[in-house]
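Thanks for sending this one over. Here are some notes to read with the model open beside you.

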Amino acid sequence: MPGLPARCPRPRDLRRGAVLTWVFLVAVGAAASTGCWDRTGAAATDGAAVLPSVRTSVPAPQPSRPAGTADREAVARAAAEAVAEGKSGKKAAQEVVSRSGDRWGAVYDQGEYAAFAEDLDGRWTGVGLWAGRGRGGRVEVERVQPGGPAARAGLRAGDRLLSVDGHAVTGLAVADVVALLRGAAGTPAVLSLSRNGADFTETLRREQLRAEPVTVRELPGGITVIKVASFTRGSGERVRAAVRAAPAGARLMLDLRGNPGGLVTEAVTAASAFLDGGLVATYDVRGTQRALYAARGGDTARPLVALVDSGTMSAAELLTGALQDRGRAVAVGTRTFGKGSVQMPTRLPDGSVAELTVGTYRTPGGRSLDGAGITPDVPADEGAEERARTVLGGLGVGP
């Protein structure tokens, strides 16, 4: 459908231990037939990250709809009938998606869908906090944006969020909480919170914020750590630049822990930093097989370890799987989240947008990550970075 990009999985209800989390990342305007973008994350944020586009497609015989997914014709028909009766097309579509068992399917109104277009370049307007679902269904602050309004006000992870601008958040979907936190720059956001049983109120001013997706630091022993927080626009090239700038003889540590995914094309560009061309992943859209390839000329000689955990998701899993299957990196950490399905949007009669699962993606070795995740080569929980340093110490330097 023109103007709406295909996307790779964005979970509606992501569970990590006892914490229910959801990321809300949206892209608008990419090419529908070739776009592949994913909205994934370890938590919902009043900001976000996004993604699009693929490379090659190979026709398969008979397109089919994967089991456990919603039928887009049925969703569109329900919306059209509701609109004709003067009812909410979005609500009718949501009911069909809910009954279908499509785990990642969702329906958004025009405002919700368009509001996140700015996230494509890692910018957003909000108060700078990530909200997640905690025990008992409570909405909690999972983390705050350094230097943002929430951080300056002293908000911290674990604070319980009670209301935003007088709207109680208990029982709301995390995406709805995100919508309340967003708004025009300079407008006030009155947050009611609770910390250690004591309630308090903070009035914050929404700001235009920007996340730095890639940071680099040096460790003793000639190790360069490249931390990728998310795959927003430009992050892949930043990874390539960091690899090129690493000191001669340096060993590399690619830290993907807590990376919720983002733009699939950026993950492919990041893979190009470590591979000399070749397959990164394949995925299907209603039976049509497509493939993603790395560019040639990457650094294939430096020893490389990829750090992962249960917060490593979607596009970040795609990258890890490629490096692991291609024998380019040793994965160290804990099992990744396991989100590898593909969603595509459909515009409904009332202008809302339904995103429905249409397929899954696989690593170069043919592994499906959806529901399974990636098992690291070297298991490590506490002290994972130290374990990674040990692994790097045992890897030889190529020519």
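1. Let me start with the overall make-up. The protein chain holds nine helices and 25 strands. Please keep in mind that this is a predicted model. Of the 399 residues in the protein chain, 53% count as buried. If you take the contacts between residues at least 6 apart in sequence, 70% of them join residues at least 24 apart.

2. Next, the main core. The largest nonpolar core has 40 residues, and Phe 231, Leu 254, Phe 274 and Val 280 are those with the most contacts inside it. At least two residues of this core come from each of strands S17 (223-228), S18 (251-255), S19 (279-285), S23 (341-347) and S24 (353-362), and likewise from each of H6, H7 and helix H8 (315-325). H8 gives the largest share of this core, with six residues.

3. Leu 254 is a good residue to click on. Its contacts, leaving aside neighbours within four places in sequence, include Ile 226, Val 228 and Phe 274. Leu 254 also touches Leu 304, Val 305, Ala 306 and Leu 307, as well as Leu 319 and Leu 323.

4. There is another core to look at. This one has 16 residues and lies apart from the 40-residue core. Val 127, Ala 131, Val 164 and Leu 191 are among its members.

5. Now for a helix pair. How do H6 and H7 pack, in angle and axis distance? Helix H6 (residues 235-245) and helix H7 (residues 264-271) pack at an angle of about 15 degrees, and their axes are 7 Å apart. An angle under 35 degrees counts as roughly parallel, so that is the description that fits H6 and H7. Their crossing is right-handed.

6. Which residues make up the meeting of H6 and H7? On the H6 side they are Ser 235, Gly 236, Glu 237, Val 239 and Arg 240, while H7 brings Glu 266, Thr 269 and Ala 270. Sorted by class, this contact has two nonpolar, three polar and three charged residues.

7. One last residue: is Ser 163 buried or exposed? Ser 163 sits in strand S11 (residues 160-164). Its relative accessible area is 12%, and the cut-off for buried is under 20%, so Ser 163 is buried. Leaving aside neighbours within four places in sequence, Ser 163 is in contact with Ala 168, Val 169, Val 190, Leu 191 and Ser 192. One of these, Leu 191, belongs to the core of 16 residues.

Note on methods:
Residues are numbered from 1 along each chain as its sequence is written. This is a predicted model: local features need pLDDT of at least 70, side-chain atom pairs count only at pLDDT 80 or more; totals for chains, interfaces and linings use all residues. Side-chain values use heavy atoms; hydrogens and water are left out. Axes are lines fitted to C-alpha atoms, for helices over the stretch in contact, and angles run from 0 to 180 degrees between N-to-C directions. Helices (H or I, at least four residues) and strands (E, at least two) are DSSP runs, numbered from the N terminus. Angles under 35 degrees count as roughly parallel, over 145 as roughly antiparallel, 65 to 115 as roughly perpendicular and the rest as oblique. A crossing is left-handed if the near helix is turned anticlockwise from the far one by less than a right angle, and right-handed if clockwise. Contact means heavy atoms within 4.5 Å. Ala, Val, Leu, Ile, Met, Phe, Trp, Tyr, Cys and Pro count as nonpolar, Asp, Glu, Lys and Arg as charged, and the others, Gly among them, as polar. A nonpolar core is a set of buried Ala, Val, Leu, Ile, Met, Phe, Trp, Tyr and Cys residues joined through side-chain atoms within 4.5 Å. Buried means under 20% relative accessible area, exposed over 50%, partly exposed in between (1.4 Å probe, protein chains only).
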